[in-house]
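Thank you all for coming. I would like to walk you through one structure, so please take a moment to look at it before I begin.

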Amino acid sequence: MEKTAYVNGSYVPLSEAKVSVLDRGFLFADGIYEVAAVLDGKLVDNASHLARLERSVGEIRLELPETTARIEEIQKELVARNKLVNGMVYLEVTRGADTGRDFAFPKGVKPTLVMFTAEKDIVGSPAAKTGINVITVPDIRWERRDIKSVALLAQVLAKQAAAEAGAGEAWMIQDGKVTEGGSSSAFILTQDDVIVTRQNGSEILPGCTRKAVVALAEERQLRVEERAFSIEEALAAKEAFITSATVFVQAVVSIDGKKVGSGKPGPLTDRLREIYVEFAKATAV
Ligand code: PDD
């Protein structure tokens, strides 16, 4: 059965879901996106994603065409129409389609809002059991990575390099330190059992999963330090892992072909994954 997408107020078959070639998302990457996981037909940590959406659009002076409460209703309607059990809802808002290609904001143009769903068994994914290999690439992105912009070319190139190297993610490096993954937050567990992940700021996206995992770890009296770390530190670590809406918590077993820890998913990563899945199930809406 063909899936349904949402485009500016209408539910349409995915193959007929279209926006104008003049849409500023297409011409300038002048838009913001969000990805929320769906578990057992419910949205995971969605309030956090919608709060980040509001912040991102505010930072680029784009007004949402719908309230976040209405956006959540549409997300739920799409999950229901597509009978989605496990996967994700993608949503994108752009500054709309003008009559030409002026760089400055157009006047009187309504923003574009589109959404679609995709299936993925996040909890049962094989990579969750085996962990993933990671490669490193220079972080060539712009200076406002805290904004969840649809300008993802640097991440496309990074993740293509990872795919060609048989890796599941690329860790981006700036000034000798890891910023984050192409589409995930990066973590290590040091030899003295401190969970380390880079502090939020304009150098990284404030990951919703990262935020939840840090809070869940701290609630359990695990030590967390939010600071930058190097690849040398990661290779000397006990464990490494990534977090995102589309993988939850996933072990990193090698970096640039060198083993991390035992070369297998570590016990703390497995535990945090279980804790996160439990949290996701208990709080999904
Ligand atoms: N990416 N860092 C970057 C650069 C990301 O693109 C993402 C998410 C994250 C993790 O954020 P969260 O935990 O809120 O998903 C960190 C999404 C999943 C994507 O682009 O598909």
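Which backbone nitrogen lies 2.8 Å from a polar atom of the side chain of D23? That nitrogen belongs to G25, and the pair is a polar contact, meaning N or O atoms within 3.5 Å, one able to donate a hydrogen and the other to accept it, where residues adjacent in sequence count only if both atoms are side-chain atoms.

Before going further, I should say that this is a predicted model, in which local features need pLDDT of at least 70 and side-chain atom pairs count only at pLDDT 80 or more, while totals for chains, interfaces and linings use all residues. Residues are numbered from 1 along each chain as its sequence is written, and side-chain values use heavy atoms, with hydrogens and water left out.

Returning to D23, its place is in the loop between β2 and α1, and among the residues touching D23 (heavy atoms within 4.5 Å) are T94 and T112. D23 is buried (under 20% relative accessible area, with over 50% called exposed and partly exposed in between, using a 1.4 Å probe and protein chains only), yet D23 has no salt bridge, a side-chain nitrogen of Lys or Arg within 4 Å of a carboxyl oxygen of Asp or Glu. The nearest side chain of opposite charge, R24, is 7.6 Å away.

Elsewhere, the side chains of D146 and R144 do meet in a salt bridge, at 2.8 Å from N to O. D146 counts as buried because its relative accessibility is 6%, whereas R144, at 27%, counts as partly exposed.

Note on methods: Helices (H or I, at least four residues) and strands (E, at least two) are DSSP runs, numbered from the N terminus. Lys and Arg count as positive and Asp and Glu as negative; His and the chain ends are not counted. Lists of a residue's contacts leave out its neighbours within four places in sequence.
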